[in-house]
Each structure stands twice: as C-alpha cells, then as structure tokens.
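Okay, let's get going. I'd like to walk you through one strand and what surrounds it, so have a look at the model first.

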Amino acid sequence: MDAVPALAVVDARFCAGDEAALAVTKTLSMSGNDFTVTDAATGALLLRVDGVLFSLRRRCLLADAHRRPVLTVQESALVMNTRWKVYRGDSTSRRDLLFTVVKPSVIQLRWSTKVSVFLASNDAEQAPDFRITGSYHDGACSVSLGESDTLIARIDRRSTVVSALLGKNAYSVTVNAGIDYAFIVALAVVLDEMHYQ
C-alpha cells in the first residue's frame, strides 16, 4: 500500500508504527451483531463491537480490549441503510460526531461498492475525505484518501456459505502504518451493516 503520513481520525493510540493486520470476526448475539477484532499475527484482542439491544435505530458500540467505549456507530433515522454516523465514545451528541459514512444509493450493483466518508468538519459533503471502493460481495474493498488513489487500508471479506447463513462473517483488515485502525474497523462494521440488514 501507499506510504501516507500518520492519520488519527479516532485517536493516535490506534495508529500502529507498522502495517497492522487485523482479524475481524462477526457473531450473532441477543443484542444484534457483535464483532471481535484481534491482531492477526498474535491473536491479541484489540477491540470489540457490541450491538445495542434496545434502540430505535441500529446502533453498536466499539470498545477497546478493556471494554472502554471508543466509538458509537449509528444508522441515521431518515435514510434507511445508506447513511451512518460515528461518534466519539458512547455518545450520539452532534458535538461528538467524528464522521459520516454514506452509500449514495440503496441499490448498488453486486460487483461495485462505492461509499463516501465525510469527517465532521466537512459539513458541505461536496467531496469525500475518504472513499471505499471495490466489491464487497466479491470480498475486496479498498479505503483511499479523498478522491485520490492513495490507499490507506484494505477490507477483505472471507466467508463460506455456511458462515454467511449463520451470520458469522470474517474479515481480514490491513491498515497502513500510521493509519488509525479503530477508524478502519468502524468502516468495516458499517460496510457489514449496510450489506447484511
């Protein structure tokens, strides 16, 4: 992947000095879809994502290995499955908004995934701060800076027919050195939610 300067969207503590290879595993639970994020090489728990049991909108909480809230990921109320907002900690307050993930259309062709990511400071949403492209259904998406071809991460879905039927998707996530892996994991969770609800 391309060399880019350090980029912390969530927090600098999630920016590894070297390229980070993560394993993201989804399981169904009473609270919805839960995810476990581990270091692919060591198996060490890095993050966990827990669905919220009682909520009017689909929502989940991303926490660190010690269960401290890092991010809240929530579907927007009026735009079904095309717009997700991500907030700092366990908040859903406008002042804690970090970024918004937007799928331009409810219907996308199976072989084409195009999703835009706008930082909270980008109110006009004229040009995305990040883009996710590729083919979610074929299992390969790339995250790039804005409209450029500068790649900062890859999200690859590994699934079998049985795992898909059981709702147990698994992802290999590769994040460039210096790039915030909590941010990239949040994008992987949103992609999963957009495609499996």
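**Strand S7 and its surroundings**

So, strand S7, residues 97-102, is mostly covered: six of its six residues are buried. Buried here means under 20% relative accessible area, exposed is over 50%, and partly exposed is in between, with a 1.4 Å probe and protein chains only. Strands are DSSP E runs of at least two residues and helices are H or I runs of at least four, numbered from the N terminus.

Quick caveats. This is a predicted model, where local features need pLDDT of at least 70 and side-chain atom pairs count only at pLDDT 80 or more, while totals for chains, interfaces and linings use all residues. Residues are numbered from 1 along each chain as its sequence is written, and side-chain values use heavy atoms, with hydrogens and water left out.

Now, who pairs with S7? Strand S6, residues 83-88, runs antiparallel to S7 and is joined to it by five bridges; pairing takes at least two DSSP bridges. On the other pairing, S8, residues 113-119, is also antiparallel to S7, over four bridges. Thr100 takes part in both: Lys85 is its bridge partner, and Phe118 in S8 stands opposite it.

Next, the core. The largest nonpolar core, meaning buried Ala, Val, Leu, Ile, Met, Phe, Trp, Tyr and Cys joined through side-chain atoms within 4.5 Å, has 46 residues, with Phe99 and Val101 among those with the most contacts inside it. Helix H2, residues 181-196, gives the largest share, 12 residues.

Beyond its neighbours within four places in sequence, Val101 is in contact (heavy atoms within 4.5 Å) with residues including Trp84, Val117 and Leu187.
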